[in-house]
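Let's take a quick tour of one protein model, looking at how its charged and nonpolar side chains are arranged. Keep the 3D view open while you read.

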Amino acid sequence: MKILLAVFMIFFSMNSYADLAKAKSCNVNKDEECELLLNRTIDTLASSGFYCPDGKIANNNIIDAWRKDMALNGNLQKVSTHVSVGFTINQLGLSCKR
């Protein structure tokens, strides 16, 4: 699991020039802009082939699970939003790269 998180950190940190979701503390802030930023992060992961929707779990469920993961795992707060959302998607079993 540590290796998987390290791979996420290396791969996705290259793509995060400005992490607005992290800057706005979207892990605790639930305003409309944060919801939009997090939904776009999930869409980006889907378009890059990392996230494969199963048709059962909505983006809001992923966002709720991500917020719980962020609260429980201090290491996730140190990485970009792409990496931490990718970690949650993997934990939910929705990663295309299993």
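Start with helix α3, where you'll find both aspartate 43 and arginine 40, three residues apart, or about one turn of the helix. Those two form a salt bridge, and their closest N and O atoms sit 2.4 Å apart. One thing to keep in mind as you explore: this is a predicted model.

**The pair within α3**

- Is aspartate 43 buried, exposed or partly exposed? Its relative accessibility is 36%, so aspartate 43 counts as partly exposed.
- Its partner, arginine 40, comes in at 46% relative accessibility, so that one counts as partly exposed too.
- Why would two such residues pair up at all? Side chains of opposite charge can do so when their charged atoms come close.

**The other salt bridges**

- How many salt bridges does the structure hold? There are four.
- Arginine 67 pairs with glutamate 35, with the closest N and O atoms 3.0 Å apart.
- That pair ties together distant parts of the chain: arginine 67 belongs to helix α4 and glutamate 35 to helix α3, and they are 32 residues apart.
- Arginine 67 has a relative accessibility of 9%, and buried means under 20%, so this charged residue counts as buried.
- Lysine 24 makes a salt bridge with glutamate 33, where the closest N and O atoms are 3.4 Å apart.
- Lysine 24 has 26% relative accessibility, so it counts as partly exposed.
- Glutamate 33 has 42% relative accessibility, which means that it counts as partly exposed as well.
- There's a network here, too: salt bridges link Lys24, Asp31 and Glu33.

**The nonpolar core**

- Now for the greasy side of things: the largest nonpolar core has 20 residues.
- Which of its residues touch the most other members? They are Cys26, Tyr51 and Ile89.
- Three helices each supply at least two residues of this core: α3 (32-47), α4 (59-72) and α5 (81-91).
- Helix α3 gives the most to the core, with five residues.

**A closer look at isoleucine 89**

- Click on isoleucine 89 and look past its neighbours within four places in sequence: what is it in contact with? You should find Leu45, Phe50, Tyr51, Ile62, Leu94 and Ser95.
- One of those contacts, Tyr51, is also among the core residues that touch the most other members.

Key. Residues are numbered from 1 along each chain as its sequence is written. This is a predicted model: local features need pLDDT of at least 70, side-chain atom pairs count only at pLDDT 80 or more; totals for chains, interfaces and linings use all residues. Side-chain values use heavy atoms; hydrogens and water are left out. A nonpolar core is a set of buried Ala, Val, Leu, Ile, Met, Phe, Trp, Tyr and Cys residues joined through side-chain atoms within 4.5 Å. Buried means under 20% relative accessible area, exposed over 50%, partly exposed in between (1.4 Å probe, protein chains only). Helices (H or I, at least four residues) and strands (E, at least two) are DSSP runs, numbered from the N terminus. Contact means heavy atoms within 4.5 Å. A salt bridge is a side-chain nitrogen of Lys or Arg within 4 Å of a carboxyl oxygen of Asp or Glu.
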